[in-house]
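Me: I'm new to this structure and I'd like a close look at a single part of it. Could you pick the sheet in chain B and walk me through what surrounds it?

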Amino acid sequence: MAKLKLLVNGELHEVEAPETALLLDALREGLGMTGTKRGCETSHCGACTVLLDGIAVHSCVVLAARCDGKQIATVEGLAQDGELNGLQRLFLKHGALQCGYCTPGMLMAATALLRRNPKPTLEEIKVGLDGNLCRCTGYTGIFEAIQACAVGSK
Amino acid sequence: MEIKLFRPHSLEEALSQRADYGRDALPIAGGQSLLVMLRNKLIDPKVLLDLEPLGELRDLQPRADGISIGAMTTFFDLISSADVHKASPILAEAAAKVGSTAIRNLGTIGGNLCHNEPGADLPPALLALNASVELRSRKGTRKVPLTEFFQGYFETAVEADEILSRVDIPTLPQGACGAYIKHSISPEDLAIAGVAVVLVPDGKNPVSARELRIGLGGVSPVPLRALKAEAALNGRALTDDAIRAAAEIAASEAEPMSDPHSSADYRRKMIKVLVRRALAAAIGGGERNGHGKA
């Protein structure tokens, strides 16, 4: 076992985990932060997407030990003082979710995209979210929400 | 028993650990395939040898005779590098077609080659670019042409005490153009078939090939060059008939496998289609699904 220091959403946590623990397990089992979803566990579905130093990664294929000293952002960090952020509100407004299981991953992938490219075209949005599968709504509402967020951000 | 994680501070330290543990110490690059295999118990290492701390392996060096790429360079690095776009655009094109954004953010060129999974996108492009790899061990360094690197499904020339450190691509001939075209059910999948071409046209109409290289992926136990198809077109006018005939030859050079994604027969047919499309894209006419620069 190893003691890992993880900086999640600006807060430093210590977690004891196997040396080769995955970031997904360290977050969910180690820290009880279950906003990050366990999906396919083969890096296909993107339900476990988090940001590592600002870039989107699938936490099911990231060694937690590699995250020491890096900034981890999860869906729990999006809302501020109990208020959903702009992107989250737009997901609601555009009906960008049905069962909601893919939503944390979608939000984090979209957050990474908008940070890198505040005014993405629809094609760029599709590429930015190509690692995130939704199996119930289809993607139209999700793309609309992200486009609306891009327009709103000016 | 719990798997140990080594995070070496230098390549020398990593090579030492690799020499001590041999195949029990598995180098981990981006981890995008390896960690899935580990979870599914397809591999059983005693140690993961983490190459991430070795910053010297994540760099791109333009050189007089080409470009040298550190093994830990990610697909994202390749896509965003002006040097790669200039020296070997089809490598950037192939890297952009790997998996999904999250995978391209962490997956590496070295990991992609060492994993040697059928349908990987970089091998056909790197074969057409005449790339070679640098393998390091405590005993020394050897350079292996990519044509000799791939040895079987998931098998490569990397010995138990070696680590792939760099990928070297020679400067393209003047005027070279090229394309990488992939066929898959969904874009983020591995290629059912992938074809890369590098072509040096002679500037006539119809174009003749001064030099032509064709790399095939996903259609044989190992990625390969379609040498007979290349020979059939080299120095010849690239007429529709000549290209069609060469595409048939390329299909006969592959030994496709059947799997849940595709039958062997379908893969063979797709090679014919993709060789034609890749050549058309390289020349700049016809059906375009790539771009015109190698």
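Reply: Here is a walk through that sheet and the helix lying against it, followed by a shorter look at other parts for context.

Keep in mind that this is a predicted model. The sheet in chain B is an open one of four strands, in the order β11-β12-β13-β14, and the pairing is antiparallel. At its edges sit β11 (177-183) and β14 (224-225) of chain B, each of them paired on one side only. If you're wondering what holds such neighbours together, strands of a sheet pair through backbone hydrogen bonds, either parallel or antiparallel.

Now zoom in on the middle of the sheet. Strand β12 of chain B covers residues 193-201 and strand β13 of chain B covers residues 209-217; eight bridges join these two antiparallel strands. To find a spot where they meet, look for Pro201(B): its bridge partner in β13(B) is Ala209(B).

Two helices of chain B pack on this sheet. Helix α5 (residues 89-96) of chain B touches β11 and β12 of chain B, and its direction makes about 15° with that of β11(B). Helix α12 (residues 264-283) of chain B touches β11, β12 and β13 of chain B, with its direction at about 35° to that of β12(B).

Let's stay with α12(B) for a moment. This helix has 20 residues and spans 29 Å from its first C-alpha to its last, close to the 28 Å expected at 1.5 Å a residue. Which of its residues are buried? In α12(B) they are Arg267(B), Met270(B), Ile271(B), Leu274(B), Val275(B), Arg276(B), Arg277(B), Ala278(B), Leu279(B), Ala280(B), Ala281(B) and Ala282(B). The cover over these buried residues includes the strands β11, β12 and β13 of chain B, along with the helices α10 (227-233) and α11 (240-253) of chain B. Right after α12(B) comes Gly284(B), which has a positive phi near 105°.

Next, where chain B meets chain A. The contact takes 20 residues from chain B and 23 residues from chain A. On the chain B side, β1 (4-6), α2 (34-39) and α6 (101-106) each supply at least two residues. The largest share, five residues, comes from α6(B). By type, the chain B side that touches chain A divides into nine nonpolar, five polar and six charged residues.

Over in chain A, you can compare another bit of strand pairing. Strand β1 (residues 2-8) of chain A pairs with strand β2 (residues 11-17) of chain A in the antiparallel sense, over seven bridges. Leu7(A) has Leu12(A) as its bridge partner in β2(A). The hairpin of β1(A) and β2(A) has two residues between the strands, and Asn9(A) takes a positive phi near 50° there. β1(A) also pairs with strand β5 (residues 71-73) of chain A, in the parallel sense and over two bridges. For that pairing, look at Val8(A), which stands opposite Ile72(A) in β5(A).

Finally, the domain assignment splits chain A into domain 1 (2-76) and domain 2 (86-153). Their C-alpha centres lie 21 Å apart, and 16 residues of domain 1 of chain A are in contact with 13 residues of domain 2 of chain A. On the domain 1 side, β3 (49-52) and β4 (55-58) of chain A are the elements that give two or more residues.

Definitions and conventions
Residues are numbered from 1 along each chain as its sequence is written. Chains are lettered from A and ligands numbered from 1 in the order in which they are written. This is a predicted model: local features need pLDDT of at least 70, side-chain atom pairs count only at pLDDT 80 or more; totals for chains, interfaces and linings use all residues. Two strands pair if DSSP finds at least two bridges between them. Two residues are in contact if their C-beta atoms, placed from the backbone, lie within 7 Å. Axes are lines fitted to C-alpha atoms, for helices over the stretch in contact, and angles run from 0 to 180 degrees between N-to-C directions. Ala, Val, Leu, Ile, Met, Phe, Trp, Tyr, Cys and Pro count as nonpolar, Asp, Glu, Lys and Arg as charged, and the others, Gly among them, as polar. The expected span of a helix is 1.5 Å times one less than its number of residues. A residue is buried if 20 or more other C-beta atoms lie within 10 Å of its own, exposed if 12 or fewer, and partly exposed in between; C-beta atoms are placed from the backbone. Domain bounds come from an automatic or database domain assignment.
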